[in-house]
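Q: Could you take a close look at the nonpolar interior of this model and at the aromatic rings in it? I would like one connected account, please.

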Amino acid sequence: MKNGMIMAAAALIMRAAGMGMRVWLSGRLGAEGMGVYQLTLSAYAFFALVCSSGVTVTVTRLVCELTERRSAPAAAYAAEKVMTASFVVSSLLAMCMFFSADYIGIFLGSEQTVPAIRILSPSLPLMSVSAAARGYFTARRRIIAPTVEQMIEQATEIAVCAAAFAMLPTHSTRRACAYAAAGTTASEAVSFVYILIVYAIDVRSFAKGRSREDGLVRRALPIYLPCTASSALRSLLAAVENMLIPAGLVRGGTDSKTALARYGMISGMAMPVIVFPSFVILPFATLMITEMSSAKAGGRTLAVQRMAQRVVGVTLKYSVPVAMIMIFFSRQLSEALYGNSEVGLYIAALAPVVPLMYLDSAVDGMLKGLGEQTSYFVFNAVDSALRVVLMLLLVPVFGTWAVISVIILSELFNTALSVWKLIKVSKMQARPVSDMLLPCLCAAVPCMLFRFTGAAGKTSIIVTVLCCSAIYLFLLAIIKINSKKLLLK
């Protein structure tokens, strides 16, 4: 719990800084420029996730399992071998990304992305090693080092990006996106140096020497390959999907600039608002990989069941009021952040995915800890493929609202599969009334009170959110107390 609170507090700072940077960038790039930048990030995400996603989980699981057997030298050996292998693989991918930048730009439908893609490519091997080190620290339950590393990374990115925009000319979207990319690459370089130094110091005290572990490749590949394949396939299909959205809007009769602007408002402006509050849930989802892995390795089935039950309940009790606030006060949020109300329409439309998205993240972390990464891969692959097909068929006909509908249906489908699998492997019991229905009712009351009495218009959005949250927690506490009294009778 302590580690989770530290990670959540750090995530709040980083998310707030990242959100501030996103708002600042949107003011300099405009909606169309944000569309181009988002296309760049979708291509970068493919290479980045291939380099890092499976590495973190693999190191966490191996170090956790070997430490459980009281074999610290073997755990250190495993971490370093995975780190070395990931550096080699990611260096090859970095060269591939650099030399194929022109083709990637053509694939994305915007050659303005090419310079930024080339600038981002050197960050891949640095990111891969950092991800492996984070996996080691997560398994050791020492989250201060990776938390500080990510904060350094965020601060460096903001500083370099701001300096580039202040000191260099920004005559075009191409150049502006390149400056933003330079901030990302510089931040990965600085965080790489920091995490490597801290790792070298910590591993010395953790393991005196190294003990070769036989069968390491055989044990690592079943963890690494499904996670990496899932991330690779999903991010590749996401890149295809992101390319299809503006292209589909153009085929439906929208001009290219407007299409990029609408895509930028959905993916580059509305979605960051939707994702922002997940800073509370994601750190615990990461820690669940370690906790679930240790409980399973130790044969503690009841502990697995209780953890799964509690994480699902807490995630829904947190995410439901977040969704309600976004639905009722989307216009105020949009005006406060971006100075216009148009993005608010997309925030309100996407808000129903919040409980699904946050729950899916938490459940995915638990499934990885329980060794169900193959199921995770299959679910994500099917979900991503369906999204691409639906975007291809529906966006040219129904336009922007088809994009919103596909996102909601996709999250519903993927989350349902993940929760079903978690129930099956953990033996937890679903509690729809206490985990979903009651939070919906308790969250709706203060939101309706502030919205329809006009109180929200007389106060700042921050005060409105705080008041709604306080009333929600009060109502939830009252129901919980009364439920306990009824049980005692």
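A: Happily; the account below goes from the chain as a whole to its cores and then to its aromatic rings. Please keep in mind that this is a predicted model.

Let us begin with the setting. The chain contains 19 helices and zero strands. Of its 489 residues, 53% count as buried. Among contacts with a separation of 6 or more, 83% join residues that are 24 or more positions apart. The accessible surface of the chain is about 21300 Å², and carbon and sulfur atoms hold 69% of that area.

Now to the interior itself. The largest nonpolar core brings together 98 residues, and Leu25, Leu124, Met326 and Leu422 are those with the most contacts inside it. Helix H1, which spans residues 2–68, gives this core its largest share, 14 residues. Apart from this core lies another one, made of 35 residues, including Val63, Ala79, Val129 and Leu216.

Leu422 is a good place to zoom in, being among the residues with the most contacts inside the largest core. Once its neighbours within four places in sequence are set aside, Leu422 touches Ala308 and Val312, then Val363, Met366, Leu367 and Leu370, and also Lys427 and Met428. You may like to display these partners together with Leu422 while you read on.

Next come the rings. The count of aromatic pairs is eight. One of them joins Phe98 and Phe99: with ring centres 5.2 Å apart and planes at 85°, the pair is edge-to-face, because an angle over 60 degrees puts it in that class. Phe98 has a relative accessibility of 34%, so it counts as partly exposed. Phe99 stands at 60%, and therefore counts as exposed. Phe98 has a charged partner as well: Arg118 lies over the face of its ring, 5.7 Å from the ring centre.

A second edge-to-face pair is formed by Tyr136 and Phe137, with 5.2 Å from centre to centre and 75° between the planes. Here both Tyr136 and Phe137 are buried. These two residues also belong to one aromatic cluster with Tyr199.

Setting the two pairs side by side gives a neat picture to finish on. Phe98 and Phe99 are edge-to-face, with Phe98 partly exposed and Phe99 exposed. Tyr136 and Phe137 are edge-to-face too, but both of these residues are buried.

How values were computed
Residues numbered from 1 in each chain as written. Predicted model: local features only at pLDDT ≥ 70, side-chain atom pairs only at ≥ 80, totals over all residues. Heavy atoms only, no water. Core = buried A, V, L, I, M, F, W, Y, C linked by side-chain atoms within 4.5 Å. Buried < 20%, exposed > 50% of the residue type's maximum accessible area, 1.4 Å probe, protein only. Helix = DSSP H or I, 4+ residues; strand = E, 2+ residues; numbered from the N terminus. Contact = heavy atoms within 4.5 Å. Phe/Tyr/Trp six-rings, centres within 6.5 Å; stacked < 30°, edge-to-face > 60°. Lys NZ or Arg CZ within 6 Å of the ring centre and 35° of its normal. Areas by Shrake-Rupley, 256 points an atom, 1.4 Å probe, with all protein chains shown as cover.
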